[in-house]
Structure formats: structure tokens, C-alpha cells
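Student: I would like to go through this model slowly, one question at a time. Could you show it to me before we begin?

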Amino acid sequence: MISEKVLKAVTAGKIWSFHGGIHPEMHKETTSGCLIEELEIPNILIVPIRQTSLSAGEIIVREGDRVLKGQPLTKIFAKGQIPVHAPTSGTVKSIGFYTACHPSGLKDQAVVIIPDGEDEWLEHKGCSNFTDLSPEELADHVTEAGIAGMGGAGFPAGYKLKSAIGKTEILIINGCECEPYLTADDALMREKSDEITDGIRIIQHILKPKLTIMAIEANKPEAAEAMRKSIQKAQAHIEVRVLPVRYPTGAARPLIYTLTGIEVGYDSRSNDFGVSMHNVASTYAIKRAVIDGEPCVERVVTVTGGNFCKNGNYVLKNGTLLKHLINKVGLKNNKAVHIIIGGPMMGFSAPSMDTPLIKTSGCVIAPDAKELPMAGDYLNCIKCGRCQEVCPSRLVPYMLLSHSRAENIEGLKNCNFKDCIQCGCCTYVCSSGIPLVMEFRKVLAKIKKMKDEEKSKRKSQELIAFRTERTEREKAERQARIEAIKQKTLSSETTESKPQTSDLKNEQQAKAVALAKAKAKAMQQVNAGEKQNLDPAVSADDPAARAKAIALAKAKTRQQADAVEKQNQEKQNQDPAVSADDPVARAKAIALAKAKARMQQADAGEKQNQEKQNQDPAVSAEDPVARAKAIALAKAKARMQQADAGEKQNQEKQNQDPAVSAEDPVARAKAIALAKAKARMQQNKELDK
Amino acid sequence: MHRGASTQLIMFMVLVALLPAVIVHVISFGWGLVWNLFFCTIWASLLEAAVYKLRRRSPVAGLRDLSLQVTVWLYCLAIPPYLSLWMTLLGITFAVLLVKHAFGGLGQNTFNPAMAGFIFLLISVPSAMGGWVVPSTRNLEIYNPEYSLQMLLMDHSDIKKQMIIDTNNETLKKIKETDGATYATPLNNFRELFDYRGVVRYIDRDTSEISIESHGTAILATAYIAGGLFLIATGFINFIQPLFFILSVYLTGLIINMIGLKYGFNTVNNWEHLFIGSTMAGAFFIITDPVSSPTTAKGKALSAAIIGFFTVIIRTFGSYPDAIAFAALLGNSFNPVINKMLKPKRFGAGGRKA
């Protein structure tokens, strides 16, 4: 932890100077005087469910639902996830894949909301007396409010707070806003200084630091003054420290060094050094979440650049599309529009005008032709070393560049590539005009892809191992059950032939039973440690995904004529999801399965049988006709192959049937994922053979 | 976002900083340099354009960075002003084609092209490379543009004879007698004395007043220093390399001198080391070439010190008169090792873990 000596020096106001950094033209003057303005509610909002660098939660709304402002759209299922909330009241138009707020322009899952214009809040209540709550409760509350680090990195603030409880000696509130053009934090500090002070007091209550420093760069004297006044008024123990202007003072590690002289390496975390840092915009959001009970659904965005007609700081709802903003603010030159999301140094060019703005996008720039010329032709690197002189991470960017171009991963590692914070200082000073950071991002994307592939490979290997183990375990149980199941099959023949004319009541009963089964199964799965990732693409609620799954299955079927057994298994796994709600898809699936069955009866009789039996129950849950057909088929099959296939059917059934027929989408999805994984494992196994 | 000095601007500023030296050079040695610059620029540009064409790149974009101009200027300042034109062009051809482009063009070359071209000539035609004219204000008159051109087109043995005739005047009679104007002949046991630009200083010089005749190289060195300081002041080059180079030359010279006095071999005075030959040109313009110098400040300092050390060693014990070029190339070859060993310490490496 921090030594007395360091703490003393920090308290005395010593300022350390980090390596490198640049002094770019700030361009803040156009928006620094602007008051924060509200922008009209757009007629469409596309809210990406993944707004942090970590994984997204699960969607808990359905198409057509009416949602109120602040109503959660997703739910947390794992650590690191934060929910997103409806930014205004309206109707969920669709849930699907839309352009994400990311330089790649890739599509990601998002909820489309058509606002009704009433902006009606979900009933919420704040907690003005936050000191009554324990630090952990408050941190969880912040997580539930969906607050991502609003400085740009987007690490969930709640988790950051929780992990720092009891470890923090120095709390830093980052109001540096060192990037050119940005004035959103400046505006917040000038206008909402009281709220920010409250926010800091909440964080102080959570973390109990010995010292709290509010860092503001010297080019924002009014903000510093406003903060000082509020702090005095609230009698809070917060020191406002005005720092010399230099980019990137506002980046986490350089700022910690500037204020404390502690170098937090890129392989360690600031918590380990007793330092914790939060951005002013996050602090403001925390205040609103805790005291007002309002989740994070909007943020202040600096809208600037020579091509915008009316620069300023606007409150934009999460999920506002760029084109809405452009329509409202107006562009001077509509040809060859170039929009940058984020700051000019670390931001990226918007992939399209349909890009939604999210919790981490603090700035939108529409530069005119002269302001930020697009990277044009660049010359060779002359190794002048200017990039090394300005690198705050003390790297040698031009070496990283040559390794990046050669995709020399080992070389990049040796040059500590992962220490790069992509601040853009090297790009800024490069005498040859080389867009270094762009090259780094390219190679990063490649490395990530490679890692993902490796990960999935490893995962499938793990699954194989797990499968083998489970098969062993189940072998023992199976023996005991064979007899009972045989009996059950026989009895079901007689009982299930009747319900062809059965009424709704029966159906409901069947559903209820299936549900109970599924739940039990799901519990079992969890207990057994089968923490398989849910595959959202196959999630039962989403028609697009479902259709895709069908298509995929079909394609696979066609392709793998010789791998009949595998196909069958795939089918089993996917069809149930299909058959659960949609009669057309269900019919198709049945037809397909039947055809399959007929085709391969001779040589794959045993397996088909098993498949049939697995599918049928799901089918039979709702549709009497289909059920009847399936039953008839199953009966025939069963009679034919009962003797020799008994054991296997039994096993498969136990694993899949209950889950499949369930109504609970989560359990169903899990079951599907499980079944899929199994299929993959079998495939692998067979391929290995 | 990008705002910074462009490569083009850096190169242009280097050319500007070289101007004083060029002017002093012309005043001291006549118009030969101007013709050399003219022919070399045209020839080298053609060569480079051809290379870019072969490499399927735009020749215009390639030539626009002015790096070729810097190479040409440094090269022409290094070679004797009156050298057969074919030799001059051969040297620059070697520099551009083999040293620069065979390694991958701008930024990829391991060695300084100007120095490599110079050394290429020094090894290939050593006697011609000793043919320096004695610095004098009269040279500007004698070697007027027309006459200089005639000289360049002669064979190199004729050039030498001609130079002896030209400089046959009252003031420089003694030099002619010792054949000093044309050969790097040992005199007073000082090899360096007849190093090209150091010639006059040691012979009957009247040091009471400063003139080109008496302080020829010192004035040229001053011009280089002026240009170099201008570059440092404007931030286009770093002060580290010149500083460590000069320190190294001085200290090595001092130590060699002490040893020399003790064991009785003759050396150049350590102060004079700084003003003879092309010490200052090297300090500010040759070793500061970004492409062929290490990255980090520490690496630059080390490399500069190595070059300084070798400069004095080669001057004292070597057989070639110009030590800077050899020392610079020797220093360049250390760069990969230096770059590898003196990597900047990563951020947080000194940090404590809780």
C-alpha cells in the first residue's frame, strides 16, 4: 500500500511528470462556453446490448413490449455484465443485429425502440441517505444502474468500485478531459458541480479513501472554480488539483503517475497500489443512480467540428443514431461527410450514419476538410524516434509498427505491445504521417481473432473430456434405468394415442410437466458444472436466429451426406427450439426429420429412432396433429427397434427431452446449447476415429 | 489526428542548415561544389526515379521527401570539390542504388548513404580523393564557374597537375613544394595535417588574424556548428548526439595525447581534433541522420560516443585521412545491438506490487 512518505508528498500537492505526451491544438473554444442542451427525442433508438468491453447481459424484453424509460432491457447473468435500460418510453420494435458503435462497423445484438414521445419514467425511487447503505450494496446498485466508465474505456463502474472496497487509499476523480475538442466533462463540472460532489461523496462512502483528489487540467479554470465552490458548500474532503495541460494526462495510468508518482504497470491494477480512479461523467451518473434512482440512459456528448452547424454539448439518449443527431444539428457540407466518434486522438471514424451512440461515446466530431485531414499517402518511417519521445507508455512505436506490419506476434510481445494505450501521440508526431495507431488496431484485431480460435479449440477439447467423463458416469446409472424406461415407452403408446382430440387442458398439463422437468434438468446441468455459454443465435425467442439455425442445420444436412449420424444429432438439437412456437417451422422440421428417417432407416435405424423420440415430445406439447403423426412414427420405430436401441434412446432422452419441451426460454436455450455441444463433441469424436 | 514536422520539412531544414557550410565551402574552394551539386542532383534524381518506377511507386512522391537532396549535399561536401565527374557520379550511384535502395529505400538503410558513397570512392580511387585544393579567398576567382566545370571534366591526374599550377603563388609556395595540396602526405609526422581540409593550418600560417588561409577548416567547422545549432534550436535534431560525439572526440583525443607524449608518438592536439577534418560536419549532420542512428536517447548517446572514439583512433592510427566516414559506418553497424540492448524501460517496471 501507499507509504506515509508518498502520501505526504501527494497531499502536499507534488506533481510528477510522465514520459512523453504532446500538446495538440485543443479546439475546445467552440464548445467550452456552451450550456448543456437537451436534444429532441429521436423517432428510433437502437440500443446495443453490449456497451462495455466485456460481455453483454441477456435480453429480457420481447418484440412488441411497451417499455418505460429506465426499464432494464437486459439482465446480468455473469460477473462483468451490466444491464442496459430503455432510454425513453416506447415500444420494442425488434431485436436483432445492427451496426455497433465500433470502428469495424460489425453488427451486434441490439434492441430497437420506437419512442412514444412521452418519456415516461419507470417508477423509481432514489435514496438520498446513501450512508445508510453498505458499500457493497451501493456498488451493486451502481452495477444495476448500468454505469460504464464514461471516460471512454467503458469498464463497468460498479465492478470497479466493488473490487476496490477496502483497498483504496487515494481516490482520483478524473476531470482532466485532455483530448482536444471534448468539453462534455467541462460542461458537466461547470453546471452539475453539486451533483458531481454528491457523486464523489458516494464513492468516498464506498471506498473510504484517505485522500480524494479531483484532477482538472489548467485549461478549465471555470470548471475548477465551480467544483471548488460546490466542495466548499458541501464541506466535502476533496482536493481540487489543477494540472498542466498535456495529452494524455487524462489517461488512467499517466494520471495516477502525475498525481502520486506511482507507476501502475499495464500488467497490474491500480487497486493493488491503493489507488482508484473514476471519471467525472461516471461520478455524475453514480449520483443520479444512487440519489435519484435513475439508471444510466443518457450522457452529455460534445458535438463539434467545423462541419456541424451548431456545435455544443447535448444530452443524448443511449442508442441515438448519428443520422438523427446530424439531422437535428445540421451539417454545412453534406458531401463526403466524415464523422469521428470519440475524441480526435482515440476515437474512430463512424462506419455508417446508422451507428448508435452509446454510454462511452463522449464526443462526435464532424471536421471540415481542413481540420482533420484524412490520413493520405504516407512516407516510409525514417526511424526519427519522435514517436518514442512522446510515447507515455515508453514504447518504441516504430518498432511496433514494423512488427505489426510483419504480423510478428512474438516481436510485438517483446516490445511490450500490450502496454500500448492507443493514445495516438505517435501518430500525431510521426514525420512520415504514418497512422501508427490504425496499424496497431488492425493487428490487434488479428491477434484477437487468433486467440478466439484458439479458445474455441480449447473449449471443444474440454467439452470432449467432459463428455467422456460424463458418459462413464452415466453408464452406471443407465443400466439401472433400462427396464423402467422400456416399460414407460410401452405404456405411453397406449396412453398417448388418445389425445388426438384432446383439449387445451391436457396440453397445458403437458406443458406444466415439461416445464417442471426442464427446470429440474436445468438445475442438474448447473450443478454438474456444465457452464456452457448460451448461444444467443439459437435463443428461442428470436425468429431471425431461429430461421438461421434451421438454415444452418439444413445446409449441414446437405453437406454431410456421409456423416448421417452427426446430422441426425444436429437436427435433434435444433428442431425442438423451432418446434416450440412456430407452426410452420415446426411442420418443416417434422417433415425434414421424417424424410431423414425414411432415407436412413436401413443403415442408421438405431440412431433415427432415438432422434425421433427426442423430437417428438417437444412437438407433441402443442400441436395435436403433429403429435399424432410423431407418435405413430415413434411407435412403429419403437416396436421395431426397441430391443437393440433401448439403451441409447434412454440415455439421449434423459438428456434432452425435458429441456426441449420446456417453455422457459432460458432453460430451453441452455438445453439447446448443451445438445449442440454434445453434437459437436460426437462429431469430433467420430472425426478422430 | 496528425500535426507534426513532416519528413519533407525535416529534410528541408537540414538543407537550410547546410547552407552556411556550402557558402563557406564555395568561398574557400571555388565553384566546384556547385557543379557537383548540380550534376549529382540530376543524376541521383534520375536514378531514384528509375528505382521507384521499378518498385511500382510514384517517383514524384518518392522524390518529394527531399531525403535524396540531403544525401547529395552531404556527399558533395565530403568529396574533394575537383574530382573527375565520372567518379563523383559513380560514388553517388553506389550510395543511391546499393546503400539506400537495395536496403529498402528511405528509412530502411543500415548505413548512411552519403558516407558510404564517399568511402566507396576513397577505397576505389584513393589518390584522386586526396586532391583537395588549398583553401584561399583567391580560389573563388581562380575556380570560377567556367573553369571549375573544365576541371571536373578532366582526367584526375590532369586535375592534380592543374591544381598545383593554380595554387602556385607566393603565399602557398611552400605547400606546392611539399606537394601538400594534392596528397595526403605525412608531414611533421602528422598524418592528419594533410588530411584534405587540414592542409594549410600547419604551414607558415599567420595565426595573428583569422582568415580563410590561416583558419580554413576552422571557419568551415564554424559554419557547420552554426547550422547544427540552428537545427538544435528549432528542434529538428537532438542535442544528445553532437554533445556526446564532441565530448568523446575530445576525451579520446586527450587520452591518446597523454599516451602519445609518454611513449613518443605524435598525435593531434585534442582541441584541434574538434576543428580539423569534418568533425563538426559529422557531429551535426552525419551522425544525427535519424535512419542510421539508434532510437532512444541513451542509445544515441552511446552510438555517438562510439563514433567519436573511433574517429580519433582511426585518425591517429589508421591509414585513411578521413576518419569520420569510417567511424560513422562503424558506429552504424552497432545500431541493431544498441537498439536491442537499450530498450526504454516499460511503464510500471519500477512499480511496487502491493
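Student: What area does chain B expose, and what percentage of it do carbon and sulfur atoms supply?

Tutor: This is a predicted model, in which local features need pLDDT of at least 70 and side-chain atom pairs count only at pLDDT 80 or more, while totals for chains, interfaces and linings use all residues. Residues are numbered from 1 along each chain as its sequence is written, chains are lettered from A and ligands numbered from 1 in the order in which they are written, and side-chain values use heavy atoms, with hydrogens and water left out. Accessible areas come from the Shrake-Rupley method with a 1.4 Å probe, and for residues only the protein chains shown count as cover. For chain B the exposed area is about 14,800 Å², and the part supplied by carbon and sulfur atoms is 67%.

Student: How many helices and strands does chain B have?

Tutor: Helices (H or I, at least four residues) and strands (E, at least two) are DSSP runs, numbered from the N terminus. Buried residues, meaning those under 20% relative accessible area (exposed is over 50%, partly exposed in between, with a 1.4 Å probe and protein chains only), make up 56% of the 354 residues in chain B. The secondary structure of chain B comes to 18 helices and 0 strands.

Student: Which residues does B:Y250 contact, leaving aside its neighbours within four places in sequence?

Tutor: B:Y250 belongs to helix α13 (residues 240-263) of chain B, and its C-alpha atom is separated by 5.6 Å from that of B:N270, 20 residues apart along the chain. With contact taken as heavy atoms within 4.5 Å, the partners of B:Y250 outside those neighbours are B:N270, B:W271 and B:L274.

Student: What percentage of the residues in chain A is buried?

Tutor: Chain A contains 21 helices and 16 strands, and it exposes about 30,300 Å², of which carbon and sulfur atoms supply 53%. Among its contacts between residues at least 6 apart in sequence, 75% join residues at least 24 apart. Of the 689 residues in chain A, the buried ones make up 57%.

Student: Which are the edge strands of the open sheet of 6 strands in chain A?

Tutor: Two strands pair if DSSP finds at least two bridges between them. The sheet has the order β1-β13-β12-β16-β14-β15, with mixed pairing, and within this order β14 (residues 340-341) and β16 (residues 363-365) pair in the antiparallel sense over 2 bridges. The strands that pair on one side only, and are therefore the edges, are β1 (36-38) and β15 (348-349) of chain A.

Student: Which residue in β7(A) is the bridge partner of A:V47?

Tutor: Strand β2 (residues 45-48) of chain A is joined by 4 bridges to the antiparallel strand β7 (residues 107-115) of chain A. Strand β6 (residues 90-99) of chain A also runs antiparallel to β7(A), with 9 bridges between them, and there A:I95 has A:V111 as its bridge partner. For A:V47, the bridge partner in β7(A) is A:V111.

Student: Why does the pair of A:F417 and A:F440 count as edge-to-face?

Tutor: Rings of Phe, Tyr and Trp (its six-membered ring) pair if their centres lie within 6.5 Å, and planes under 30 degrees apart count as stacked, over 60 as edge-to-face and the rest as tilted. Both A:F417 and A:F440 are buried. A:F417 lies in the loop between α13 (409-414) and α14 (425-429) of chain A and A:F440 in helix α15 (residues 436-496), so the pair ties together parts that are 23 residues apart in sequence. The ring centres are 5.6 Å apart and the planes stand at 75 degrees, so the pair is edge-to-face.

Student: Is A:R394 buried or exposed?

Tutor: A:R394 sits in the loop between α11 (386-390) and α12 (397-406) of chain A, and its phi is near 55 degrees, a positive value in a residue other than glycine. A:E407, in the loop between α12 and α13, also has a positive phi, of about 50 degrees, although it is not a glycine, and at 43% relative accessibility A:E407 counts as partly exposed. With a relative accessible area of 16%, A:R394 is buried.
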